[in-house]
Amino acid sequence: MASNPVEPAVERAPAHVRAIAPYSGGKPISEVAREYGLDESRIVKLASNENPLGMPESAKRAMLAAAADLGRYPDGNGFELKDALSRRLGVPQDWLTLGNGSNDVLELVAHALLQPGASAVYSQYSFAVYALATQATGARAIVVPAREHGHDLKAMRAAIADDTRIVFVANPNNPTGTFLPAAEIDAFLASVPPQVVVVLDEAYNEYLEPALRADAIAWVKRFPNLVLSRTFSKAYGLAGLRVGYSVAQPGITDLMNRVRQPFNVNSIAQAAAVAALADTEFLERSRRVNAEGLATLEKAFDALGLPYVKSYGNFVLVKVGDAAGLNQTLLRAGVIVRPVANYGLPEWLRISVGLPEENAAFLAALRAALGRT
């Protein structure tokens, strides 16, 4: 029998691409139901930092209206969404780049600026996509040890090399939930050489208490080498539609648009995002439900004597010891959480905040698994 003709072609693919470990998201409810013979309706998913409130009704209505015109391509420039963002943020439309989720935005920056012979700096225990986007371009990764599970900005500044083109900073950070005060970020931005682009990932910004939110738009106006990344997947409840955006000065947005795929954000997603952006009541409800859920989880972890990292996102990183074994026990009980061994945290689980009844179901399953009922 002839050998598989695909293999030689695969072997000739770039080594840095063949070395990539594909991103693995949280297990879907349907997969857990099939694997463990469970009723989907009784499974609780707290693995992917999704908004437990789901999608706002305003966005659903906008989607239905947009569906009438799905025979046509979406607006490749995203005028209506950019117009809404422009008015909300106080920046020109040509400072905005839309993405298929903020994941897409992060990859656009990487593909626009990185190549073999260049490097990117990011923190230990930071979002896996920074490493994936860097590796996909053949660039060198400079991983800076974390400080108390979060970013050590002074060490990250010191790690910038002559070939560094990008520094990724997440605030709040995923998967650890740590937070950097505005003064620290401001000082860091001022210290970074102008030829190095800083990507400030604020995917969880809307979950912060208003007093903690920095004026990141003012930073973009001050620093031509700053890219601000945000998403509609978290607090806005549009994870399944994949809408993200970045704010940067026109020189960088022009580069990003050169590598952006045409029509990368579909019509339904654009319409839903416009509606969600205007739905301030839903956004505030999301923040409030999350704050209450965080408090519930942290109080329970304190009672169980489980160490955790104080979180400013919509999830908590908790140390449980045999995380792999405990995760399997929770799955059999119909509770999906996120192991983070791939981040170098084999004793920890990341728990997304759910609705009160979902948090209660998780805690009951956790106590049972630990023999603490």
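**Exercise 1. The nonpolar cores**

Identify the residues with the most contacts inside the largest nonpolar core, and find which helix supplies the largest share of this core.

Solution. The largest nonpolar core of this predicted model holds 53 residues, and Leu85, Val169, Phe232 and Val247 have the most contacts inside it. Helix H12 (residues 267-278) gives the largest share of this core, with six residues. Next, take phenylalanine 232 and set aside its neighbours within four places in sequence: the residues in contact with phenylalanine 232 are then Leu81, Leu85, Gly237, Leu238, Ala239, Val243, Tyr245, Ala273 and Leu277. There is also a second, separate core, which has 31 residues, among them Val105, Leu106, Val197 and Leu317.

**Exercise 2. The two sides of helix H11**

Determine which residues of helix H11 (residues 250-259) are buried, how they are arranged around the axis, and what covers them.

Solution. Start with accessibility: Ile252, Thr253 and Met256 are buried in H11. These residues lie on the same side of H11 because they cover an arc of only 100° around the axis. The spacing follows a general rule: an α-helix has 3.6 residues a turn, so residues three or four places apart point the same way. On the face turned away from the buried side of H11 are the exposed residues Gly251 and Arg258. Finally, the cover over the buried residues of H11 includes strands E2 (96-99), E6 (197-201), E7 (226-231) and E8 (244-247), together with helix H6 (102-113).

**Exercise 3. Salt bridges within a helix and between helices**

Compare the placement of three salt-bridge pairs: lysine 60 with glutamate 57, arginine 87 with aspartate 83, and aspartate 186 with arginine 222.

Solution. The count for the model is 11 salt bridges.

Step 1. Lysine 60 and glutamate 57 form a salt bridge through their side chains, at 3.2 Å from N to O. Both belong to helix H4 (residues 57-66), and because they are three residues apart, about one helical turn separates them. Lysine 60 is partly exposed at 35% relative accessible area, and glutamate 57 is partly exposed at 47%.

Step 2. The side chains of arginine 87 and aspartate 83 meet at 3.2 Å, N to O. This pair lies in helix H5 (residues 79-89), four residues apart, about one turn of the helix. Arginine 87 is exposed, at 61% relative accessible area, while aspartate 83 is partly exposed, at 23%.

Step 3. In the salt bridge of aspartate 186 with arginine 222, the closest N and O atoms are 2.7 Å apart. Here distant parts of the chain are linked: aspartate 186 sits in helix H9 (residues 182-191) and arginine 222 in helix H10 (residues 216-222), 36 residues apart. Aspartate 186 is partly exposed at 24%, as is arginine 222 at 48%.

Step 4. Apart from these pairs, consider a network: salt bridges link Glu209, Glu284 and Arg287.

**Exercise 4. Asparagine 49**

Is asparagine 49 buried or exposed, and with which side chains does its side chain make polar contacts?

Solution. Locate the residue first: asparagine 49 is in the loop between strand E1 (44-45) and H4. Its relative accessibility is 1%, so asparagine 49 counts as buried, the cut-off being under 20%. The side chain of asparagine 49 makes a polar contact with that of tyrosine 204 at 2.9 Å and with that of arginine 350 at 3.4 Å. With residues up to four places away in sequence left out, asparagine 49 touches Asn174, Tyr204, Lys234, Asn314, Phe315, Arg350 and Ser352.

How values were computed: Residues numbered from 1 in each chain as written. Predicted model: local features only at pLDDT ≥ 70, side-chain atom pairs only at ≥ 80, totals over all residues. Heavy atoms only, no water. Salt bridge = Lys/Arg side-chain N within 4 Å of Asp/Glu carboxyl O. Helix = DSSP H or I, 4+ residues; strand = E, 2+ residues; numbered from the N terminus. Buried < 20%, exposed > 50% of the residue type's maximum accessible area, 1.4 Å probe, protein only. Core = buried A, V, L, I, M, F, W, Y, C linked by side-chain atoms within 4.5 Å. Contact = heavy atoms within 4.5 Å. Arc of directions from axis to C-beta. Polar contact = N/O pair within 3.5 Å; in protein donor to acceptor, adjacent residues only side chain to side chain.
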